[in-house]
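Colleague: I'm just starting out with protein models, and I'd love a close look at one part of this one. Could you walk me through it slowly?

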Amino acid sequence: MLKLIVACLLLALAATVTEGKVYTQCEVASALRAKGVPEDQVATWVCIAHAESDFDTTAINSNTWDYGIFQISSIYWCESGDSAGNGCGISCNSLLADDISEDIDCVQRVYAETEAIGQVPGFKAWTTYAGNCDGDNSAWIAGC
């Protein structure tokens, strides 16, 4: 019950503090490219953003406490006040804004650190990768 109350409060706070945005797949691809994400990763990141949040920057998973368009974990990567995680050095609430620049910086860090511990490719840090995005994802960015 307490988690449900906290989730509702977080959602209310997110709605008042951030505008949030539901991106198109081409907008996500463009943002990734603008941040220097390697072209051979762009389509897979677009697929992951769709599988994780349906491109909604305000997405919060109240079961796992993952945040934003890429569903970044508060356990390891962002600070939510209730978690010890902050590997990306950002507030989880900042991942709910319409600007996904910090999200992209963070996923690039997660990707690199995942590969550094032997999990190749680094997309394996996202459970939605296997079975959803581990194949040819070129259709996600066709025409972008």
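Where is the place of Asp98? Please tell me about that spot, and then show me what else is going on in the loops and strands.

Modeller: Happy to. Keep in mind that this is a predicted model. Asp98 sits in the loop between strand S5 (90–91) and helix H4 (101–116). Asp98 has a relative accessible area of 31%, and because partly exposed covers the range between 20% and 50%, Asp98 counts as partly exposed. It also has company: together with Glu19, Asp99 and Glu102, Asp98 forms a negative surface patch. A residue needs over 30% relative accessible area to belong to a patch, so it's worth noticing the 31% of Asp98.

Now zoom out for a moment to see where that loop fits. The protein chain has five helices and five strands, and along the sequence they follow the pattern α-α-α-β-β-β-β-β-α-α. Of the chain's 144 residues, 43% count as buried.

Keep going along the chain past H4 and you reach another loop, the one between H4 and helix H5 (129–133), where Pro121 lies. Check the peptide bond from Val120 to Pro121: it is cis, with omega near 0°. That's worth a pause, since most peptide bonds are trans.

Next, jump back to the loop between helix H3 (39–53) and S1, which holds Asp54. Phe55 has its place in the loop between H3 and S1 too. Look at the backbone here. Asp54 has a phi near 55°, a positive value in a residue that isn't glycine, and Phe55 also has a positive phi, about 65°, without being a glycine. As a rule, most residues other than glycine have a negative phi. How do the two side by side sit with respect to the surface? Asp54 is partly exposed, at 47% relative accessibility, whereas Phe55 is buried, at 6%. Phe55 counts as buried because its 6% falls under the 20% cut-off.

That loop leads into S1, so let's finish with the sheet. It is an open sheet of three strands in the order S1-S2-S3, with antiparallel pairing. Strand S1 (60–61) and strand S3 (72–73) are the edge strands, each pairing on one side only. Strand S2 (residues 66–67) pairs with S3 in the antiparallel sense over two bridges. If you want one pair of residues to find on screen, try Asp66, which stands opposite Ser73 in S3.

Methods:
Residues are numbered from 1 along each chain as its sequence is written. This is a predicted model: local features need pLDDT of at least 70, side-chain atom pairs count only at pLDDT 80 or more; totals for chains, interfaces and linings use all residues. Side-chain values use heavy atoms; hydrogens and water are left out. Two strands pair if DSSP finds at least two bridges between them. Helices (H or I, at least four residues) and strands (E, at least two) are DSSP runs, numbered from the N terminus. Patches are made of residues with over 30% relative accessible area and no salt bridge: like charges are joined within 9 Å, nonpolar side chains (Val, Leu, Ile, Met, Phe, Trp, Tyr) within 5 Å. Accessible areas come from the Shrake-Rupley method with a 1.4 Å probe; for residues, only the protein chains shown count as cover. A salt bridge is a side-chain nitrogen of Lys or Arg within 4 Å of a carboxyl oxygen of Asp or Glu. Lys and Arg count as positive and Asp and Glu as negative; His and the chain ends are not counted. The place of a charge is taken as NZ of Lys, CZ of Arg, CG of Asp or CD of Glu. Buried means under 20% relative accessible area, exposed over 50%, partly exposed in between (1.4 Å probe, protein chains only).
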